[in-house]
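Please open the model in your viewer and keep the selection tool at hand. The stops below are arranged so that each selection leads to the next.

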Amino acid sequence: MTLGTRIATWNVNSVKQRMPRLLGWLDERQPDVVCLQETKLADDAFTKLLGDELSSRGYETALYGEVQWNGVALLSKVGLEDVVTGVAEAPGFPNPEARAVAATCGGIRIHSLYVPNGRVPDSDHYLYKLAWLAALKDVVASGPAEQIVCGDMNIAPTDADVFDPAAYVGSTHVTAPERQALADLMSTGLHDVVRDRWPAERVFSYWDYRAGMFHQDLGMRIDLMLASEPVAERVKAAWIDRKARKGTGPSDHAPVIIDLDTAPDGDLGPVVPPPSAPRGGKKKSTKLPQNR
């Protein structure tokens, strides 16, 4: 892979709805490889909508989409080889869903993932999530030395990755089995490069649309960039592009960006731009919007 490579992952929550913002963001941030999730478009519709725009910017594309739900994509300026859609031996619900696409980009095996949500602990969808992650672990474990596993993992790795652990009691994304499944995946030799670089910082990548959660910085870090040791050693910057969550018509997720070998914007910090200070004064419990 060429020096100074920028790799990003972003759950766009409908590429059709986000198209103007996505193209503007590509022009501003100039990523070399982009992993997208929740594209919510069949492959032919994605190509019709964005094919020419992406090609004119130098991107090849690998797509795995559905008509209305899910959907993942890989965009690359540094090559796109050995494309694989789906996760070998992973279950469906009940049929396979468009949740994974992998390709080799400039010598690194990159996986763009939209992990199942889980919905409610101990539900059928929750068990599906755990089984899907177990199958993913086997795929990653059998892969090459240089890998990046990234996307919307739908798991906050620790309590430090949610604004208030008490608000999530009884919810998915934070349960012990989910976190163990993520730890098992990382045991293949993956590093959480954002947290490794910013071990004690308040860093979120997702904020619910409701109840002013974004403006109060009441979020979660569920969009992860996991890199194998040879790749992690090359990371010069790792950050959340919070600017892309601001303004009119955003996704509820912000992109996660890493720079390999060189950092053209410098080592910016964990969140760009940084959020306002969390609410001061006496701490009070905050309920999730769906639980109000």
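Begin by selecting helix 2, residues 43–56. In this predicted model, helix 2 comprises 14 residues and reaches 18 Å from its first C-alpha to its last, close to the 20 Å expected at 1.5 Å a residue. Colour Leu 50 next: a kink of about 60 degrees in helix 2 is centred there. Leu 50 is also one of the buried residues of helix 2, together with Phe 46 and Leu 54. Display the surroundings of these side chains, and the packing partners appear: helix 1, strand 2, strand 3 (60–64) and strand 4 (72–76). After the helix comes Gly 58, with a positive phi near 90 degrees.

Move next to helix 1, residues 15–29. How far does helix 1 span between its end C-alpha atoms? The span is only 17 Å, whereas a straight helix of 15 residues would cover 21 Å at 1.5 Å a residue. Select Arg 21 to find the centre of a kink of about 40 degrees in helix 1. Then show the buried residues of helix 1, namely Val 15, Arg 18, Met 19, Leu 22, Leu 23, Trp 25, Leu 26 and Arg 29. In an α-helix, residues three or four places apart point the same way, because there are 3.6 residues a turn. The buried residues of helix 1 pack against several elements, among them strand 1 (5–11), strand 2 (33–37), helix 2 and strand 11 (235–241). Strand 12 (256–260) and strand 13 (271–272) are also included in this packing. Gln 30, which follows helix 1, has a positive phi near 55 degrees.

For the nonpolar interior, select Leu 74, Ile 110, Ile 148 and Ile 258, the residues with the most contacts inside the largest nonpolar core, which has 47 residues. Centre the view on Ile 110: setting aside residues up to four places away in sequence, Ile 110 touches Ile 7, Val 33, Cys 35, Leu 74, Val 101, Ala 102, Ala 103, Cys 105 and Ile 148. A second, separate core of 24 residues includes Phe 46, Leu 54, Trp 239 and Ala 244. Phe 46 and Leu 54 were already displayed as buried residues of helix 2.

From Ile 110, step along to His 111, which lies in strand 7 (residues 108–114). Is His 111 buried or exposed? His 111 has a relative accessible area of 5% and is therefore buried, the cut-off being under 20%. Its side chain and that of Gln 147 are joined by a polar contact of 2.9 Å. Beyond neighbours within four places in sequence, the residues in contact with His 111 include Cys 35, Val 101, Ala 102, Ile 148 and Cys 150. For a distance check, select Leu 136, which is 25 residues from His 111 along the chain; their C-alpha atoms are separated by 10.0 Å.

A second buried polar site is found at Ser 205, in the loop between helix 5 (193–197) and strand 10 (223–228). Ser 205 has a relative accessible area of 0%. A polar contact of 2.6 Å connects its side chain with that of Asp 223. Further contacts of Ser 205, outside four places in sequence, include Met 220, Arg 221, Ile 240, Asp 252 and His 253. Arg 245 lies 40 residues from Ser 205 in sequence, with 8.9 Å between their C-alpha atoms.

Finish with the charged pairs; the structure holds 17 salt bridges. Select Asp 265 and Arg 6, whose closest N and O atoms are 2.9 Å apart in a salt bridge. This pair links distant parts of the chain, 259 residues apart: Asp 265 is in the loop between strand 12 and strand 13, and Arg 6 is in strand 1. Asp 265 is partly exposed at 40% relative accessible area, while Arg 6 is buried at 4%. Next, display the salt bridge between Asp 261 and Arg 234, with an N to O distance of 2.7 Å. Asp 261 occupies the loop between strand 12 and strand 13, and Arg 234 the loop between helix 6 (229–232) and strand 11, 27 residues apart. As a last selection, show Asp 161, Asp 192, Arg 195 and Arg 221, which are linked in a network of salt bridges.

Note on methods: Residues are numbered from 1 along each chain as its sequence is written. This is a predicted model: local features need pLDDT of at least 70, side-chain atom pairs count only at pLDDT 80 or more; totals for chains, interfaces and linings use all residues. Side-chain values use heavy atoms; hydrogens and water are left out. Helices (H or I, at least four residues) and strands (E, at least two) are DSSP runs, numbered from the N terminus. The expected span of a helix is 1.5 Å times one less than its number of residues. The bend at a residue is the angle between axes fitted to the seven residues ending there and the seven starting there. Buried means under 20% relative accessible area, exposed over 50%, partly exposed in between (1.4 Å probe, protein chains only). Contact means heavy atoms within 4.5 Å. A polar contact is a pair of N or O atoms within 3.5 Å; within protein, one must be able to donate a hydrogen and the other to accept it, and residues adjacent in sequence count only if both atoms are side-chain atoms. A salt bridge is a side-chain nitrogen of Lys or Arg within 4 Å of a carboxyl oxygen of Asp or Glu. A nonpolar core is a set of buried Ala, Val, Leu, Ile, Met, Phe, Trp, Tyr and Cys residues joined through side-chain atoms within 4.5 Å.
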